[in-house]
Amino acid sequence: MNMRLPEAREQSAPSWLVWAALWTVYIVWGSTYLAIRVTVETMPPLLAASARFFAAGGLMAVFLIVRKGRGALRVSKSELAGAGLVGTLLLLGGNGIVMIAEQDVPSGLASLLIASTPLWVVLLRYIAKERVSAGTLVGVAAGFIGVALLVLPGDKPEGAPLLGMLFIIVAAFLWGTGSFLSKRVPMPKDPFVSTSLQMLLGGLSLAVTGLILGEGSGIHFETFSGRSIIALSYLVVFGSLVAFTAYVWVLQHAPISKVATYAFVNPVIAIFLGWIVLNEEVTHWILAGAGVIVASVAFIVRKESSPVPSKDVVESSTTALAAADA
């Protein structure tokens with residue numbers, strides 16, 4: 001989930017607590033691809049994603065109202081429209097497409113393709129004629145070579161369809177577009193309010209699209225497996241609430257360059273979990289693509305974080321949202 005960075009300055013906190021929060025982000029957001037893969041085994045992808053974000057956004061909204069009163073979610077019409085646009089791009093265009101694609105694409109491979117999101121953000125900045133250093137552009141070019149290694153014919157995992165992988169590349173582009181626009185359209189200033197509205201409005205777009213595509217007629221609750229239900233619950237509680245809260249907290253207590261490391265650590269964790277839990281195949285070709293993509297994203301994030309951080313880049317692979325996949 002994309003958001004605006006809090007404006008508060010970095011606050012002191014024990015080193016062990018900072019690392020505990022950071023590892024929470026690493027592990028939880030790195031594991032969401034595995035949870036998505038298990039969720040869509042028996043659940044309709046778009047409606048499951050909608051349920052996830054309605055639940056998480058609703059819980060966050062209730063928390064804000066209890067803490068700050070009924071006016072906590074009051075925003076202008078332009079901010080509401082901005083949250084709706086960004087939420088739809090991130091959650092329907094990004095997360096929703098990943099949910100569909102992961103019915104066939106292994107979770108580790110999906111996480112690597114989504115890791116290209118910061119590359120798209122930099123490319124959009126360049127197209128918009130914003131200042132982008134030559135070194136950063138070289139890093140972007142290297143990253144897309146890594147994406148090509150994963151998609152072009154070669155030593156691919158069995159059952160990883162080209163169409164599904166192309167869908168995930170489109171999802172990464174839409175995630176990057178949502179991240180890019182979130183700094184250029186009116187958005188709620190409070191990160192929790194912004195995220196709650198993005199979840200609710202993005203969840204609405206997921207539900208409408210899922211119903212239009214006929215997912216509603218195929219719902220049979222008795223066919224939902226126990227592990228799919230547990231996986232979806234994990235996405236709501238841990239992926240969209242616990243990890244997001246840890247992320248916001250660590251942003252206030254650690255340098256942006258350290259926080260941004262999640263952008264290239266998460267895919268490594270996702271690949272490992274997919275291999276150890278679901279026995280997903282990790283080929284030499286995947287390892288080569290992973291090395292190029294992770295190295296290029298790490299290079300770009302560190303370059304853009306010093307001396308002046310580019311918030312577009314360091315936030316762009318949140319997930320989600322994912323993140324992303326939040």
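The following questions and answers concern a predicted model of a protein.

Q: How many helices and strands make up the secondary structure of the protein?
A: Read along the sequence, the pattern is α-α-α-α-α-α-α-α-α-α-α-α-α. The secondary structure of this predicted model comes to 13 helices and zero strands.

Q: What percentage of the residues of the protein count as buried?
A: A residue counts as buried when its relative accessible area is under 20%. Among the 326 residues of the protein, the share in this class is 56%.

Q: Is helix α5 largely enclosed by the rest of the structure or largely exposed, and how many of its residues are buried?
A: Helix α5 spans residues 117–127. Its buried residues are Thr 117, Pro 118, Leu 119, Trp 120, Val 121, Val 122, Leu 124 and Arg 125. The helix is therefore largely enclosed by the rest of the structure, the count of buried residues being eight of the 11.

Q: Which residue just after α5 takes a positive phi?
A: The residue sits in the loop between α5 and α6. With a relative accessibility of 76%, it counts as exposed. Its phi is about 65 degrees although it is not a glycine. The residue is Lys 129.

Q: Which residue in the loop between α11 and α12 has a positive phi although it is not a glycine?
A: The loop in question lies between α11 and α12, the latter covering residues 284–304. The residue has a relative accessible area of 66%, so it is exposed. Its phi is about 60 degrees, and the residue is Asn 279.

Q: Are α6 and α7 roughly parallel or roughly antiparallel to each other?
A: Helix α6 covers residues 134–151 and helix α7 residues 162–181, and their axes come within 10 Å. The axes cross at roughly 155 degrees. Angles over 145 degrees count as roughly antiparallel. The two helices are therefore roughly antiparallel.

Q: What classes of residue form the contact of α6 with α7?
A: From α6, Val 147, Leu 150 and Val 151 take part, and they meet Leu 162, Met 165, Leu 166 and Ile 169 in α7. There are no polar and no charged residues in this contact, and the nonpolar residues number seven.

Q: Is Ser 296 buried or exposed?
A: Ser 296 is found in helix α12. Its relative accessible area is 5%. Since the cut-off for this class is under 20%, Ser 296 is buried.

Q: How many Å apart in space are Ser 296 and Leu 119, C-alpha to C-alpha?
A: Leaving aside neighbours within four places in sequence, Ser 296 is in contact with Leu 119, Gly 139, Ala 142 and Gly 143. Leu 119 is one of the buried residues of α5. Although Ser 296 and Leu 119 are 177 residues apart in sequence, their C-alpha separation in space is 8.7 Å.

Q: Which helix gives the largest share of the lining of the second largest cavity?
A: The second largest cavity has a volume of about 50 Å³. Its lining consists of Gly 108, Leu 109, Ile 271, Gly 274, Trp 275, Glu 280, Glu 281, Val 282 and Ile 286. The elements that give two or more residues are α4 (107–114) and α11 (262–278). The largest share, three residues, comes from α11.

Q: How many residues in the lining of the second largest cavity are charged?
A: Glu counts as charged, and the lining includes Glu 280 and Glu 281. Five of the lining residues are nonpolar and two are polar, while the charged residues number two.

Conventions:
Residues are numbered from 1 along each chain as its sequence is written. This is a predicted model: local features need pLDDT of at least 70, side-chain atom pairs count only at pLDDT 80 or more; totals for chains, interfaces and linings use all residues. Side-chain values use heavy atoms; hydrogens and water are left out. Axes are lines fitted to C-alpha atoms, for helices over the stretch in contact, and angles run from 0 to 180 degrees between N-to-C directions. Helices (H or I, at least four residues) and strands (E, at least two) are DSSP runs, numbered from the N terminus. Angles under 35 degrees count as roughly parallel, over 145 as roughly antiparallel, 65 to 115 as roughly perpendicular and the rest as oblique. Contact means heavy atoms within 4.5 Å. On a 1 Å grid over the protein atoms alone, a cavity is a set of points where a 1.4 Å probe fits but cannot get out, and a pocket is an open set with protein on both sides within 12 Å along at least five of seven lines; lining residues have an atom within 4 Å of a point. Grid points are joined across faces, edges and corners, and a volume is the space filled by probe spheres set on the points. Buried means under 20% relative accessible area, exposed over 50%, partly exposed in between (1.4 Å probe, protein chains only).
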